[in-house]
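Okay, thanks everyone, let's get going. I'll put the structure up, and then we can walk through a few spots in it together.

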Amino acid sequence: MDQLPSKDQIRQWITDNPGLASKRDIVKAFSIKGGPARIELKRLLKEMEQEGGIQKRKRQFREAGTLPPVSILRLLPPDAAGDLFARPNEWEGEDAPLIHVIARTGDPALGQGDRILARLEKVEGEAHAYEARLIRKLGTSAIRVLGIFRRGHEGGRILPIDKGADKEWRVPPGLTLEAEDGELVEAEQAGPKRMGLPSARIVARLGDPSGPKAVSLIAIHQHGIPDQFPEAVLAEADRAEPVTLGDREDLRHLDLVTIDPVDARDRDDAVLAIPDTDPGNAGGFHLWVAIADVAHYVTPGSALDREARKRGNSTYFPDRVVPMLPDVLSGDLCSLHEAVDRPCMAVCITIDAQGSKRGHRFTRGLMRSRGSLHYGQVQAAIDGAVEPKLEPLMDSVIRPLYAAYAALKHARAVRQPLELDLPERKIILSDEGKVLSVAFRERFDAHKLIEEAMVLANVCAAEELIRLKRPLLFRIHEEPSQEKLDALREVAEASGFTLAKGQVLKTAHLNRLLAQAEGTDQDELINITTLRSMTQAYYSPQNFGHFGLALRNYAHFTSPIRRYSDLIVHRALIDGHGWGADGLSAWDVENLDETAKLISDSERRSMAAERDTIDRYLASYLSDRVGQTFTGRVSGVQKFGLFVKLDETGADGLVPIREVGREFFFFDADSQTLTGADTGLTIGPGARVTVRLAEAVPVTGGLLLELIEIDGGALPAPKRGKAGHGRGPRKPARAAIAKRKVVRKRR
């Protein structure tokens, strides 16, 4: 037998030749010949691997605890200095090395979650430190899963909590992060998919899934919402100091007030209406809208700015807020609290008695709020129940605001924005996070007053920046597609209503449809279907108008504490008026398209997280009432069953097709209906139903229902008693269904 190299020689050769470390390369390097010698080398390499001296990956050997010179990496969030770091995509054990990604001119844009193929070099003097240079971008990160960990003899398994997930994940030994049995964990796919269960590595332990306030925590991790501020961001916020007057306009003599929800922690906006004394504008007003000057504290390129851009917006849950800015800013220095000086960006808007805008003027000022008010107390005051605190403000603030609102209502009626009526649910929690009650939020004129003032201020910001020829982010809402309009029209016609056809669609046409349905059994159905026909709003440097608000020029200006888009608009105003060095930077302008996409995506992410959280809280609230009956309305129809919105809570549940009736049901996607093959029973959106709650799963937010009655009557028995679940209709029924479909298509 040829003389074999020693373990030390093999280990040194692998270290010196990381790119040529297969068994064939080793055989060639040491001139090993003959079958017996190769068998002995294989045994030796296996022994070294078991001892932990080397590792084998994809037929390549390497020194244990090291990475190959070319590796697949997964990018982490940028650090406070904006530098990118990464982790190796495949790594056995708990302590994966941290790799600094060196960006070069011409490299594509990279961000958190991206997977890249990179060339690695060890950093001299650092045992487990590498620098990486991009070879090519591969795509987004590995699939992630959130679920309950179940420990086993060899690692364990993860039971996903997503409603749509139906398979478990296997967690090999060494990749469990020492998670406890029954613990909520976040994991990601580990290695390529093979036969059987997919493999995962646990990357975060999130504690008891049934613990207090775990519901929003699940959504935060499931949707990847950043909820921990880096130390550099917190340190930068902590260095912030109150603003003095300086070159600002002194607005502290104005009786500005904030009007917010009773539990508000941050106060973006303050308002005041002053009757116009100009004889030429009888009945008109000077409407002041003052907005927190976040741009003073969050300057372009700062750690605070990078973090705010990454987050895009604040995310609101029933038990917590994940803010865009640290609390020292969002809850204090930027917030327009009562009786303290605060920097602001303000606009004074002159309107006439019909609410039409006659002019506006922007300024950068210093204000002092006369009162931190909430909607309920303001509405009670105007209705006659005046709290002592509000008595001094009635004639100078409250009544003029409502008078200005009356004018703005007139202008709104002329403009005809979309008038959807969709009540908002409010979940009341105990201190321990248990759902105490579910109700629908009250809508006062006080809410509408503030909304109209904010809409007008946003219009002024967009028009001002267009006039100044400064780049900005518009808030865009495009009109619905023809396909969605056709679907809405079909639902409307099936409900006995009409929607204009063959002309340029305007919100006024949709409002006429909503007015026809108002007060009828189909009211909620038409409102929901109209909402679903709408496109999703987004941000863009190009202006395509806002269909829903019936406005040509619209930008978000009024909430910079919780929306990055508004901060960009503030910077554009600062730049356009020469109000300081903290306006739009060259980098801001150059990356405006990318910023628009980032914050549009983060807004959708927050909406999905908030919606999932509400579903889970509702499932938790209803979990003690399994077996009880509820009334509701069919809100959607699919071939696998019916979606039902319950009257009491607004919760959505699924009636699986097997629970709909004892016959085969034909699904018509055009009309969104299910039709019984034997009874001819047709079920579509809007149908009144009584259901029994069969299952409520708080960890997923899923509700399973059983159908008991429809439109006030029991389900009809099939004409042929032999029809059952899973059986198709007899041929005559099939022919009738086919004929019905052909007739519908011809229409």
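Before the cavities, a quick word on classes: Ala, Val, Leu, Ile, Met, Phe, Trp, Tyr, Cys and Pro count as nonpolar, Asp, Glu, Lys and Arg as charged, and the others, Gly among them, as polar. And please keep in mind that this is a predicted model.

So, cavities. How many of 30 Å³ or more does a search of the whole structure find? Three. The largest one comes out at a volume of about 50 Å³. Who lines it? On one stretch of the chain you have Glu524, Leu525 and Ile528, and further along Arg633, Val634, Ser635 and Lys645. In terms of elements, helix 13, that's 523-533, and strand 26, 629-638, each put at least two residues into that lining. Sort the lining by class and you get three nonpolar, one polar and three charged residues.

The second largest cavity has a volume of about 40 Å³. Its lining takes in Ile225 and Pro226, then Arg311, Asn313 and Thr315, then Val322 and Pro323, and finally Arg605 and Ser606. By class, that lining splits into four nonpolar, three polar and two charged.

Okay, on to helix packing. Please find helix 8, residues 375-382, and helix 9, residues 394-415. Their axes sit 11 Å apart, and the packing angle is about 95°. Angles of 65 to 115 degrees count as roughly perpendicular, and therefore helix 8 and helix 9 are roughly perpendicular to each other. Which residues make the contact? From helix 8 it's Val378, Gln379, Ala381 and Ile382, and from helix 9 it's Met394, Ile398, Arg399 and Tyr402. By class, this contact of helix 8 with helix 9 has six nonpolar residues, one polar and one charged.

Last stop, a sheet. This is an open sheet of three strands, in the order 29-30-31, and the pairing is antiparallel. Which strands are at the edges? Strand 29, at 665-668, and strand 31, at 682-683, each of them pairing on one side only. Strand 30 covers residues 673-676, and four bridges join it to strand 29, the two running antiparallel. If you want a residue pair to look for on screen, Asp668 stands opposite Thr673 of strand 30.

That's my tour, so over to you for questions.

How values were computed:
Residues are numbered from 1 along each chain as its sequence is written. This is a predicted model: local features need pLDDT of at least 70, side-chain atom pairs count only at pLDDT 80 or more; totals for chains, interfaces and linings use all residues. Side-chain values use heavy atoms; hydrogens and water are left out. On a 1 Å grid over the protein atoms alone, a cavity is a set of points where a 1.4 Å probe fits but cannot get out, and a pocket is an open set with protein on both sides within 12 Å along at least five of seven lines; lining residues have an atom within 4 Å of a point. Grid points are joined across faces, edges and corners, and a volume is the space filled by probe spheres set on the points. Two strands pair if DSSP finds at least two bridges between them. Axes are lines fitted to C-alpha atoms, for helices over the stretch in contact, and angles run from 0 to 180 degrees between N-to-C directions. Angles under 35 degrees count as roughly parallel, over 145 as roughly antiparallel, 65 to 115 as roughly perpendicular and the rest as oblique. Contact means heavy atoms within 4.5 Å.
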